[in-house]
Amino acid sequence: TGTPEIAIRFGVDTAGRVTSAQVLPAAVAATPLGACLAAVARATHFDSQQHDVSFRIPILAHRAP
């Protein structure tokens with residue numbers, strides 16, 4: 001409800017592959033939207049990295065009337 005604060009926490013290895021993707025908060029992760037976001041996150045490929053990295057990307061969601 002409202003405008004939830006959603007984020008995806010990524011882990012990415014040196015080859016640019018996503019090693020982990022977690023939708024936050026858990027209440028959103030348990031919804032169909034959360035499952036869709038997690039699937040897209042896991043399928044994302046990043047450029048090569050010098051080191052394994054982790055980062056978080058915020059998402060602002062609005063419910064259509």
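**Group meeting talk: a walk through a predicted model**

Hi everyone, let me start with threonine 31, which is found in the loop between H1 and H2. Before I go on, please keep in mind that this is a predicted model. Is threonine 31 buried, exposed or partly exposed? Its relative accessibility is 30%, and because buried means under 20% and exposed over 50%, threonine 31 counts as partly exposed. If you look from threonine 31 to histidine 45, 14 residues further along the chain, their C-alpha atoms are separated by 24 Å.

Now let's turn to the sheet. In what order do the strands of the open sheet come? There are 3 strands, the order is E2-E1-E3, and the pairing is antiparallel. E2 and E3, the latter covering residues 53-60, stand at the edges with a single partner strand each, so one side of each has no neighbour in the sheet. On average, neighbouring strands here are turned by 15° against each other, direction ignored. As a general reminder, strands of a sheet pair through backbone hydrogen bonds, either parallel or antiparallel.

Let's take the two pairings in turn. E1 and E3 pair in the antiparallel sense over 8 bridges. Within that pairing, isoleucine 6 has isoleucine 59 of E3 as its bridge partner, and glycine 11 has serine 54 of E3. On the other side, E1 and E2 pair over 6 bridges, again in the antiparallel sense, and phenylalanine 10 stands opposite alanine 21 in E2. E1 and E2 also form a hairpin, with 5 residues between them. In that turn, glycine 16 has a positive phi of about 90°.

While we are talking about charges, how many salt bridges does the structure hold? The count is 1. Arginine 17 forms a salt bridge with aspartate 13, and the closest N and O atoms are 3.1 Å apart. Aspartate 13 is buried, because its relative accessible area is 12% and buried means under 20%.

Next, the loop after E2. Proline 25 lies in the loop between E2 and helix H1, residues 26-29. Have a look at the peptide bond that joins leucine 24 and proline 25: it is cis, with omega at about 0°.

On to the helix and the core. H2 lies across E1, E2 and E3, and runs at about 160° to E2. The largest nonpolar core has 12 residues, among them Ile6, Ile8, Phe10, Val12, Leu37 and Ala61. Which elements give two or more residues to this core? They are strand E1 (5-12), strand E2 (18-24) and helix H2 (32-43). The largest share, 4 residues, comes from E1. That strand is mostly covered, with 6 of its 8 residues buried.

One last residue from that core is valine 28. Leaving aside neighbours within four places in sequence, valine 28 is in contact with Ile6, Val23 and Gly34. Of those contacts, Ile6 and Val23 are listed in the core as well.

To bring it together: the sheet runs E2-E1-E3, H2 lies across those strands, and E1 gives the core its largest share. Thanks for listening, everyone!

Conventions:
Residues numbered from 1 in each chain as written. Predicted model: local features only at pLDDT ≥ 70, side-chain atom pairs only at ≥ 80, totals over all residues. Heavy atoms only, no water. Core = buried A, V, L, I, M, F, W, Y, C linked by side-chain atoms within 4.5 Å. Buried < 20%, exposed > 50% of the residue type's maximum accessible area, 1.4 Å probe, protein only. Contact = heavy atoms within 4.5 Å. Pairing = 2+ DSSP bridges. Axes fitted to C-alpha atoms, helices over the stretch in contact; angles between N-to-C directions. Salt bridge = Lys/Arg side-chain N within 4 Å of Asp/Glu carboxyl O.
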